[in-house]
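Welcome to a short tour of the empty spaces and helix contacts in this protein. Have the viewer ready and follow along.

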Amino acid sequence: MKKIFLGIIMSLIAVTAFCAAKLNVSTWGFNLDLLDKNISKPFLEKYGVEIVREVGNNSVRLTKLISQKSNPVIDVVHFVDYYAMLAVKEGLLQPIDVSKLKNYTEIYDFAKDPIGGNYGIGYTVYSMGIVYRTDKIKGPITSWKDFWNKEVAGHISLPDITTTQGPALMMLFNEIYGGNAYDPELKAAFEKLNQLKKNVVTFYKTSSELINLFKMGEVWMAPVQRFSWGQFLDTGLPLAWVTPKEGMPGFLNVISIVKGAKNLEEAYKYIDFMISQEVQYAEAMDLVDSPVNVNVTVPQDIAEKLTYGVDHIKSLIFYKTDFIVENYDKWINKWNELIAQ
């Protein structure tokens, strides 16, 4: 009887220990098989912690975090920097004690505190450059101003302002044509785009939509996010990537700790693991994400499909996310009045 009782106690202890060794992570639902290979399995092997994912787009997951604010279920959340800032405004995140991250010194400076207050750490970076059909456009294409050239009129596409990349591109246009990216009205950008809109095939909302327009021959030139460059190359079309002389908008996906997270120790281990050289290398080699760890080295054929390399990284321009959040609704209204007509 005593042995049975001890067995029950030991089983309960084992079950309790197993339940505690979990981390609830909110993230996107892309490349889950590769995330399991590169992150979940090695993390479990190294720390004995099981990653439990809740997946969805930024908007849906932010709404869920708000609904759980008084009793959070999620420990760690992945967002694009804009949504991370919205989460900060809602009081959903807590500052990260970076002294607990031994790999913190190995990441680019721009990734260390991209939204301020140490509320998030950039763990992957991507650029947005110009892609064009080399058989249709004689070129050379060297500048964002080339979208206003007669040669490409009627064969260009631009991102809708509601996309993650839309506001940053408008700030860049305002900097180029108005000398100031941080004009709350984006006066110069809206004036120039109002002139250009008749030559735009469509303002795209997804990479897949833009790829199809290239395949159909309707679009010859567009701003393209680097993470989808490999998919463009897979089309077999004669394409070229251009790093414009004015530079490229840079974007970060960030990891943050949810305020009131119940598995705090595991959350720090996870974040440190995500920015480690081993994980960043594995993700880069599988073309899942571009690394922010400066010690990651990849072969040339992989590098050409990533946001990677000294010159590429130097060309990146990061705009302040809080400025975008502050003015976003006003820009949407102005876009609907002037551009989406």
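## The second largest cavity

In this predicted model, α6 gives the most to the lining of the second largest cavity, with four residues. About 40 Å³ of space lies inside this cavity. Its lining is made of Leu158, Pro159, Gly166, Leu169, Met170, Phe173, Leu193 and Trp335. Two elements give two or more residues to that lining: β6 (156-159) and α6 (166-178).

What classes of residue make up the lining of the second largest cavity? Seven are nonpolar and one is polar, with no charged residues.

## How α6 meets α14

Let's stay with α6 and look at a helix it packs against. α6 and α14, the helix of residues 321-338, have axes 11 Å apart and pack at an angle of about 85°. That angle makes α6 roughly perpendicular to α14.

On the α6 side, Pro167, Met170 and Met171 make the contact. From α14 come Phe323, Ile324, Tyr328, Trp331 and Trp335. The contact of α6 with α14 divides into eight nonpolar residues, with no polar and no charged ones. Two of these names may look familiar: Met170 and Trp335 are also among the residues that line the second largest cavity.

## How α4 meets α14

Next, turn to another partner of α14. Helix α4 covers residues 81-89, and its axis lies 9 Å from that of α14, with a packing angle of about 75°. α4 and α14 are therefore roughly perpendicular to each other.

Which residues of α4 meet α14? They are Asp81, Tyr82, Met85, Leu86 and Lys89, and they meet Thr321, Asp322, Ile324, Val325 and Tyr328 in α14. By class, the contact of α4 with α14 has six nonpolar, one polar and three charged residues. Ile324 and Tyr328 of α14 are worth marking in your viewer, as they also take part in the contact with α6.

## The largest cavity

How many cavities of 30 Å³ or more does a search of the whole structure find? The search finds two, and the largest holds about 50 Å³ of space. Lining the largest cavity are Tyr123, Thr124, Met274, Val279, Gln280, Glu283, Ala284, Asp289, Ser290 and Pro291. β5 (121-133) and α11 (277-285) are the elements that give two or more residues to this lining.

With four residues, α11 gives the most to the lining of the largest cavity. By class, the lining of the largest cavity has five nonpolar, three polar and two charged residues.

## How α2 meets α11

Now follow α11 from the cavity to a neighbouring helix contact. The axes of helix α2 (residues 32-47) and α11 come within 9 Å and cross at roughly 160°. α2 and α11 are therefore roughly antiparallel to each other. The crossing in which α2 passes α11 is right-handed.

Leu34, Leu35, Asn38, Ile39 and Lys46 of α2 make this contact with Glu278, Val279, Ala282 and Glu283 of α11. In the contact of α2 with α11 there are five nonpolar, one polar and three charged residues. Val279 and Glu283 of α11 serve twice here, since both also appear in the lining of the largest cavity.

Methods. Residues numbered from 1 in each chain as written. Predicted model: local features only at pLDDT ≥ 70, side-chain atom pairs only at ≥ 80, totals over all residues. Heavy atoms only, no water. 1 Å grid on protein atoms, 1.4 Å probe; cavity = no way out; pocket = protein on both sides within 12 Å on 5 of 7 lines; lining within 4 Å. Points joined across faces, edges and corners; volume = space filled by probe spheres on them. Nonpolar A, V, L, I, M, F, W, Y, C, P; charged D, E, K, R; others polar. Axes fitted to C-alpha atoms, helices over the stretch in contact; angles between N-to-C directions. Parallel < 35°, antiparallel > 145°, perpendicular 65-115°, else oblique. Left-handed = near helix turned anticlockwise from the far one by under 90°. Contact = heavy atoms within 4.5 Å.
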